[in-house]
Amino acid sequence: MNKVNPEALSFLKNLSQNNNKPWFVEHKVEFDRVFGELKSFFKTIYEDMKAQDSIERFHVHRIYRDVRFAKDKTPYKDYFGLHLGRTKPLLRGGYYLNIEPGNSFIGGGFWEPDKNDLLRIRKDIEQDDSEFRAIIQEPKFVEYFGTVTGEELKTAPKGFDKEHKAIDLLRKKQFLVMRSITDQEVMSPEFQSEVIKTFVAMRPWFDYMSDVLTTDANGVSLYP
């Protein structure tokens, strides 16, 4: 299907209020139907994005939560999530779509960069933050995302000057963008095209970060 069925949001809202196994088992047929429809919608997003970028990973999040080490023992997620991963190692960054009543969003970025990647990003920003800032200050980027967010340190990372002019970026441990979407927008016939346009707006930033993460400090490629 080419749009999100309103029943998907209704099911998730009911699930959030009845997050237990007996209720879920009783409504399993309904879940299978709405989840199956939404996976088909996610598949259209994937196919559209393959025409815009090189995508190697299509992952729809399972509804079942891993509660082994979690304080929250509710067994089910109250959202549907799609992750599209770019083709590594030359392309970096991931696209994400979250469908959740009252909290849907289109996002992406670098959720858990490993320590070597994070250091390489910081070193590039330390040397010259102008290209990074120019990309995230583009009008369309600002319109959709506002700015780059994510967890950050309270002070400068080890080895970096706390008075550096780009300390706001150097403190970051994650580099994420997010565009909030209303329930009405999710159910709109134009939602699919809005998702694609929003993902495409991330592309220049992803391409810049990919260049950084696939070269050394002298700009020489790390890959043959």
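In which loop does P89 lie? In this predicted model, P89 is placed in the loop between strand 2 (80-86) and strand 3. The peptide bond that leads into P89 from K88 is cis. Its omega is near 5 degrees. Most peptide bonds are trans.

The overall architecture is mixed. The protein contains 9 helices and 5 strands. Along the sequence, these elements follow the order α-α-α-β-β-β-β-α-α-α-α-β-α-α. A box of roughly 60 × 40 × 35 Å, taken along the principal axes, holds the C-alpha atoms. Of the 224 residues, 44% are buried. Contacts were also examined by sequence separation. Among those with a separation of 6 or more, 69% join residues 24 or more positions apart. The protein exposes about 12,300 Å². Carbon and sulfur atoms supply 51% of that area. The charges comprise 34 positive and 35 negative ones. The mean positions of the two sets are 6 Å apart.

Strand 4 spans residues 104-110 and includes I106. I106 has a relative accessible area of 0%, so this residue is buried. Its contacts beyond four places in sequence include Y96 and L97. I106 also touches V177, M178, R179 and I181. Further partners of I106 are F191, E194, V195, T198, F199 and M202. Of these, F199 belongs to helix 9 (residues 191-213). The C-alpha atoms of I106 and V60 are separated by 14 Å. These two residues are 46 positions apart along the chain.

The contact between I106 and I181 leads to strand 5. I181 lies in this strand, which covers residues 175-181. The relative accessibility of I181 is 8%, under the 20% limit, and I181 therefore counts as buried. Leaving aside residues up to four places away in sequence, I181 touches S104, F105 and I106. V186 and F191 are also in contact with I181. S104 and I181 are 77 residues apart in sequence. Their C-alpha atoms are 5.2 Å apart in space.

Aromatic side chains were examined next. The structure holds 25 aromatic pairs. One of them joins Y46 and F58. This pair is tilted, with 40 degrees between the planes and 5.0 Å from centre to centre. The pair links distant parts of the chain. Y46 sits in helix 3 (residues 28-50), and F58 in strand 1 (residues 55-60). The two residues are 12 positions apart. How does the accessibility of the two partners compare? Y46 counts as buried because its relative accessibility is 13%. F58 has a relative accessible area of 30% and is therefore partly exposed.

A second pair is formed by Y95 and F199. The rings are tilted here too, at 50 degrees between the planes. Their centres are 4.9 Å apart. Y95 lies in strand 3 (residues 94-99), whereas F199 lies in helix 9 (residues 191-213). This pair links parts of the chain 104 residues apart. Y95 is buried because its relative accessible area is 1%. F199 is buried as well, with a relative accessible area of 1%. Y95 and F199 also belong to a cluster linked by ring pairs. The other members are F110, F132, F141, Y144, F145, F175, W205, F206 and Y208.

Charged side chains also meet aromatic rings. The charged end of K43 sits over the ring of F58, 4.9 Å from the ring centre. F58 is thus approached by K43 and paired with Y46. The charged end of K123 sits over the ring of F160. There the distance to the ring centre is 5.1 Å.

K162 provides an exposed example. This residue is found in the loop between helix 6 (139-145) and helix 7 (167-170). At a relative accessible area of 56%, K162 is over the 50% limit and so counts as exposed. Beyond its neighbours within four places in sequence, K162 is in contact with A156 and I167. The C-alpha atoms of K162 and V4 are separated by 46 Å. Along the chain, K162 and V4 are 158 residues apart.

Key:
Residues are numbered from 1 along each chain as its sequence is written. This is a predicted model: local features need pLDDT of at least 70, side-chain atom pairs count only at pLDDT 80 or more; totals for chains, interfaces and linings use all residues. Side-chain values use heavy atoms; hydrogens and water are left out. Helices (H or I, at least four residues) and strands (E, at least two) are DSSP runs, numbered from the N terminus. Buried means under 20% relative accessible area, exposed over 50%, partly exposed in between (1.4 Å probe, protein chains only). Contact means heavy atoms within 4.5 Å. Accessible areas come from the Shrake-Rupley method with a 1.4 Å probe; for residues, only the protein chains shown count as cover. Lys and Arg count as positive and Asp and Glu as negative; His and the chain ends are not counted. The place of a charge is taken as NZ of Lys, CZ of Arg, CG of Asp or CD of Glu. Rings of Phe, Tyr and Trp (its six-membered ring) pair if their centres lie within 6.5 Å; planes under 30 degrees apart count as stacked, over 60 as edge-to-face and the rest as tilted. A charge sits over a ring if NZ of Lys or CZ of Arg is within 6 Å of the ring centre and within 35 degrees of the ring normal.
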